[in-house]
Amino acid sequence: MEAKAEIFVKTAGGAYPVYVARGALEALGGIAAQCVAGRTVRIVSDSNVAAHYLAGAADSLAAAGFRQSASVIAPGEGSKCFAALQALWADFHGCGLTRRDLVVALGGGVVGDLAGFAAATYLRSVPIVQVPTSLLAFVDSSIGGKTAIDTPFGKNTVGAFHQPLAVVADPLVLATLPPREMAQGMAEALKTACILDGDHFRFMEGFAGRKPTEEELTETIRFSASAKAGVVSRDEREGGLRAILNFGHTVGHAIEKVLGYGTVPHGEAVAVGMVAAAKIGVSLAVTPPDVPARIERTLRALALPVRVAELPGGAGACNAGALAEAMLSDKKKLGAEIHFVLLEEIGRARVVPLAPARIAQLLPAAL
Ligand SMILES: NC(=O)c1ccc[n+]([C@@H]2O[C@H](COP(=O)([O-])OP(=O)(O)OC[C@H]3O[C@@H](n4cnc5c(N)ncnc54)[C@H](O)[C@@H]3O)[C@@H](O)[C@H]2O)c1
Ligand SMILES: [Zn+2]
């Protein structure tokens, strides 16, 4: 693959490239060599991903002259913890990593967030290249520089902004991604289309219900990655615009909170949250009446749920009162109003401040 990037994320520290191309993994070494002066690389991956792609990544880095070694963590959200972070610091120390060297995060959002935070903090920050392998990481977590671990105080409660030097996204790795994980990424990709691009929404409507071709998948990754890159470029630290990326997430997070984090996959909670937000938008005369049904149809065809009752335990626990309360406890520090993302049409979003009591009133008809 020729290492030519078409997407760039502009940050205060300069712009970095996002390579989206089949076979990009083979170019990893060459790309990394352009990023740093040092020649030591620590790859961080999880055991599922490492089984398929670690050897290829390591070979590419070795061929470019890097002394490479790897930390392989256990798969799953449980690895975004302080113990795993400390273990990575120890590994970085053990392989003699310096600030001229490089960390490569090879995996989904868990690996990206954990390795990203380890890199952000070790020696007051060492460079990182993100190599996403889950659809969610392609379209969302690998771009934007947010890194974190979970703590007893909550999910992603301790972290840092640490922008990568490059993102190397090879859609070929999706061949081994389990279908349910694929659906999580599709939920985020559809969210991006909902808030930013009606044409891409129609494109996704077209392949929903069947297996998208490799070209369609690559197109969706390119679209979502460049849309997220655009938003991050204009609002690196979440001043305002980046808030529209939270479409479906206010209700989605509340569902996750009420059911217990990890009980329901994030993308599935967000899918239900998008339908709820669309319906609330209709009630407030912001969203055209046909929008909820279009979103619902497309989500269903992407094997995603659209009602709380479809989530395990959701029918009883996720009532309007419990969800409104969960939203409020989440946002206490921002004052009593909740910044709710509504669609003015498919492809255009607006943030509307809503009092929790008003949300609780509108929610029953939206769930
Ligand atoms: N930093 C951000 O901006 C941001 C944004 C969204 C989500 N996140 C975080 O991302 C995490 C979720 O990410 P995720 O959904 O990628 O989860 P994940 O990293 O746990 O990956 C999901 C599963 O798929 C496996 N997997 C990944 N790629 C594979 C491949 N190519 N082949 C086979 N198996 C593969 C993993 O081993 C894991 O079991 C959460 O912790 C969330 O907080 C961060
Ligand atoms: Zn999300």
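# A walk through a two-domain model

E1 and E2 make a hairpin, with 2 residues between the two strands. This is a predicted model, in which local features need pLDDT of at least 70, side-chain atom pairs count only at pLDDT 80 or more, and totals for chains, interfaces and linings use all residues. Residues are numbered from 1 along each chain as its sequence is written, while chains are lettered from A and ligands numbered from 1 in the order in which they are written. Helices (H or I, at least four residues) and strands (E, at least two) are DSSP runs, numbered from the N terminus.

## Two hairpins

Back to that opening hairpin: E1 and E2 pair in the antiparallel sense over 5 bridges. Two strands count as paired if DSSP finds at least two bridges between them. Val9 has Tyr16, in E2, as its bridge partner.

There's another hairpin further along the chain. Strand E10 (residues 338–345) and strand E11 (residues 348–354) are antiparallel partners over 7 bridges, and Ile338 is bridged to Leu354 in E11. This hairpin has 2 residues between its strands, and Gly347 takes a positive phi near 110° there.

## Two domains and where they touch

The domain assignment splits the chain into domain 1 (7–176) and domain 2 (179–366); such bounds come from an automatic or database domain assignment. Their C-alpha centres sit 27 Å apart. Where the domains touch, 23 residues come from domain 1 and 25 residues from domain 2. Contact here asks for C-beta atoms, placed from the backbone, within 7 Å of each other.

Which elements supply at least two residues each to the side of domain 1 that touches domain 2? They are strand E1 (7–11), strand E2 (14–20), H5 and strand E8 (154–161). By class, that side of domain 1 has 15 nonpolar, 3 polar and 5 charged residues. In this scheme Ala, Val, Leu, Ile, Met, Phe, Trp, Tyr, Cys and Pro are nonpolar, Asp, Glu, Lys and Arg are charged, and the others, Gly among them, are polar.

## The nonpolar core

In soluble globular proteins, nonpolar side chains tend to be buried together. Here, the largest nonpolar core has 122 residues, and Val104, Val168 and Ile255 have the most contacts inside it. Helix H10 (residues 266–283) gives the largest share of this core, 10 residues. Domain 1 (7–176) and domain 2 (179–366) each put in at least three residues. A nonpolar core is a set of buried Ala, Val, Leu, Ile, Met, Phe, Trp, Tyr and Cys residues joined through C-beta atoms within 7 Å.

Take Val104: leaving out residues up to four places away in sequence, Val104 touches Ala32, Val41, Ile43, Ala57, Val129 and Val131.

## Around ligand 1

Now for the ligand. There are 28 residues around ligand 1, and Asn48, Gly108, Gly109, Ser134 and Ser141 come nearest. To be near, a residue needs its C-beta atom, placed from the backbone, within 6 Å of the molecule or strand. Helix H2 (47–63), helix H4 (109–121), helix H5 (135–141) and helix H6 (179–196) are the elements that give two or more residues to this shell. The shell has 8 nonpolar, 13 polar and 7 charged residues.

## A few single residues

Burial is a matter of counting: a residue is buried if 20 or more other C-beta atoms lie within 10 Å of its own, exposed if 12 or fewer, and partly exposed in between, with C-beta atoms placed from the backbone. Here are some counts.

| Residue | Other C-beta atoms within 10 Å | Status |
|---|---|---|
| Phe92 | 23 | buried |
| Glu216 | 15 | partly exposed |
| Asn156 | 14 | partly exposed |
| Gly209 | 13 | partly exposed |
| Ser125 | 12 | exposed |

Phe92 lies in helix H3 (residues 82–94). Not counting residues up to four places away in sequence, Phe92 is in touch with Arg42, Leu97, Ala118 and Tyr122.

Ser125 and Asn156 both carry a backbone quirk. Ser125 isn't a glycine, yet has a positive phi of about 110°; you'll find Ser125 in the loop between H4 and strand E6 (128–132). Asn156, another residue other than glycine, has a positive phi near 55° and lies in strand E8.

Glu216 belongs to helix H8 (residues 214–234). Gly209 is in the loop between helix H7 (198–207) and H8. From C-alpha to C-alpha, Gly209 and Ala84 are 39 Å apart in space, and 125 residues apart in sequence.

How values were computed:
Two residues are in contact if their C-beta atoms, placed from the backbone, lie within 7 Å.
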